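Work through the exercises below with the sequence and the model open side by side. Try each task before reading its solution.

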Amino acid sequence: MLTSVQKEILQTLINLYQSSDGKSIKGEDIAEVMNRNPGTIRNQMQSLRSLSLVKGVPGPRGGYKPTIEAYHALNISISEKEAKVPIYRGDERLEDISVARIEFTSVPQQEECEAAIKVLGSIKDLSLGDIIKIGPTPVNNLGIMGKVVGRDDMDNILLVDTSTIRSIPKQSVGDIASKNVISLKVDCSLKEAAKIFTENKIDGAPVVKDGKVVGVFTLTDFVHAFADDKEDITVGDLMSTKVIIVNEDLKIAKAIEILFKKSISRLIIADKDNNLLGIVTRTDLINSITNFEEFPIFTN
């Protein structure tokens, strides 16, 4: 049975090791984080080594590394550690920490559900009352949003009062995309494009040449054209060539991540030769799951 001090040392070692990209951790660094005497850390490390929970690395760049048994002793899954399940505070992703395990402590109804979040990395910068977002997890694409109502620094656990729990479908974008895509030709006039947008009630479309996607044209491009007195030029002159083209096998969770990172509202689906296959919009992704706009990674 580990003492509380040994558990804290072991957890601190794992936290530092997690953010060091596999480098050994010096006892002085552990002592500084824990605000303890380095001699105390060295003495406890001898006991932890005898329990096969840490291993010493000799040399000037030496120190300590946690063993697999260390993760087991603290009930941390190695596979989840590698997955790097992200944690966000507001819209900011917190670096050097990730989720090791999620346990729901009560599930009578969603608005009263609490979750105990086992974290890899230091949680000392998180305070009670902070709104955090977790996920998506790698296996079931689970996302959680809620308020921190408790914090156990000894076991590195956050108690979260959840407000939103969502699981993204495991479908691909090809399963939910619009296949009958309205597209524009590069030599299309702005008047023709405006008529197509109005008749089909759309605000953007891929631009094709010889059947291949070469760009995207949106209402924003219209605004810029009229603002610059360029009504007589073609769609090809104004289109954006920085179009995001994806394969139809791309998973919905990854598509959401791309839209979020690129700040765009649609993805063009094409084959390896850029032949147009379909289009998926933010609305399509939202509609793929009930109240999806509340999912953590999609909140802006």
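**Exercise 1: a sheet late in the chain**

Strands 13, 14 and 15 form an open sheet of three strands in the order 13-14-15, with mixed pairing. The model is a predicted one.

Task. State which strands stand at the edges of this sheet.

Solution. Strand 13 (245-246) and strand 15 each have a single partner strand, so one side of each is left without a neighbour in the sheet. These two are therefore the edge strands.

Task. Describe how strand 14 and strand 15 pair, and give bridge partners that fix the register.

Solution. Step 1: strand 14 and strand 15 run antiparallel and are joined by five bridges. Step 2: R266 has T281 of strand 15 as its bridge partner. Step 3: I269 is bridged to G278, also in strand 15. In general, strands of a sheet pair through backbone hydrogen bonds, either parallel or antiparallel.

**Exercise 2: the turn between strand 14 and strand 15**

Task. Find where N274 lies and decide whether it is buried, partly exposed or exposed.

Solution. Step 1: N274 is in the loop between strand 14 (266-270) and strand 15 (276-281). Step 2: the hairpin of these two strands has five residues between the strands. Step 3: phi of N274 is near 70°, a positive value in a residue other than glycine. Most residues other than glycine have a negative phi. Step 4: the relative accessible area of N274 is 28%. Buried means under 20% and exposed means over 50%, so N274 is partly exposed.

**Exercise 3: the sheet around strand 11**

Task. Give the strand order of the sheet that holds strand 11, and name its edge strands.

Solution. Step 1: this is an open sheet of three strands in the order 10-11-12, and its pairing is mixed. Step 2: strand 10 and strand 12 are the edge strands, since each pairs on one side only.

Task. Work out the sense of each pairing made by strand 11.

Solution. Step 1: strand 10 (residues 184-185) pairs with strand 11 in the parallel sense, over two bridges. K185 has V208 of strand 11 as its bridge partner. Step 2: strand 11 and strand 12 (residues 212-218) run antiparallel and are joined by six bridges. In this pairing, K209 is bridged to K212 of strand 12.

Task. Examine the turn that links strand 11 and strand 12, with D210 as the residue to check.

Solution. Step 1: D210 lies in the loop between strand 11 and strand 12, in a hairpin with two residues between the strands. Step 2: its phi is near 55°, which is positive although D210 is not a glycine. Step 3: D210 has a relative accessibility of 73%. The cut-off for exposed is over 50%, so D210 counts as exposed.

**Exercise 4: a residue within strand 11**

Task. Decide whether V207 is buried or exposed, and list what surrounds it.

Solution. Step 1: V207 belongs to strand 11, a strand of six residues (204-209) in which five are buried. Step 2: the relative accessible area of V207 is 0%. Buried means under 20%, so V207 is buried. Step 3: leaving aside neighbours within four places in sequence, V207 is in contact with L184, K185, V186, K212, V213, V214, G215, V216, F217, V235 and M239. Step 4: I182 is 25 residues from V207 in sequence, and their C-alpha atoms are 9.3 Å apart in space.

**Exercise 5: the whole chain**

Task. Count the helices and strands, then judge the chain against the globule rule.

Solution. Step 1: the protein chain has eleven helices and 15 strands. Step 2: its radius of gyration is 26 Å, whereas the globule rule gives 19 Å for 300 residues. The chain is therefore more spread out than a compact globule. Step 3: along the principal axes, the C-alpha atoms fill a box of roughly 80 × 50 × 35 Å.

Task. Describe the burial, contacts, surface and charge of the chain.

Solution. Step 1: buried residues are 43% of the 300 residues. Step 2: among contacts between residues at least 6 apart in sequence, 58% join residues at least 24 apart. Step 3: the accessible surface is about 15900 Å², and 47% of it belongs to carbon and sulfur atoms. Step 4: the chain carries 37 positive and 42 negative charges, whose mean positions are 6 Å apart.

Notes:
Residues are numbered from 1 along each chain as its sequence is written. This is a predicted model: local features need pLDDT of at least 70, side-chain atom pairs count only at pLDDT 80 or more; totals for chains, interfaces and linings use all residues. Side-chain values use heavy atoms; hydrogens and water are left out. Helices (H or I, at least four residues) and strands (E, at least two) are DSSP runs, numbered from the N terminus. The radius of gyration is taken over C-alpha atoms; the globule rule is 2.2 Å times the number of residues to the power 0.38. Buried means under 20% relative accessible area, exposed over 50%, partly exposed in between (1.4 Å probe, protein chains only). Contact means heavy atoms within 4.5 Å. Accessible areas come from the Shrake-Rupley method with a 1.4 Å probe; for residues, only the protein chains shown count as cover. Lys and Arg count as positive and Asp and Glu as negative; His and the chain ends are not counted. The place of a charge is taken as NZ of Lys, CZ of Arg, CG of Asp or CD of Glu. Two strands pair if DSSP finds at least two bridges between them.
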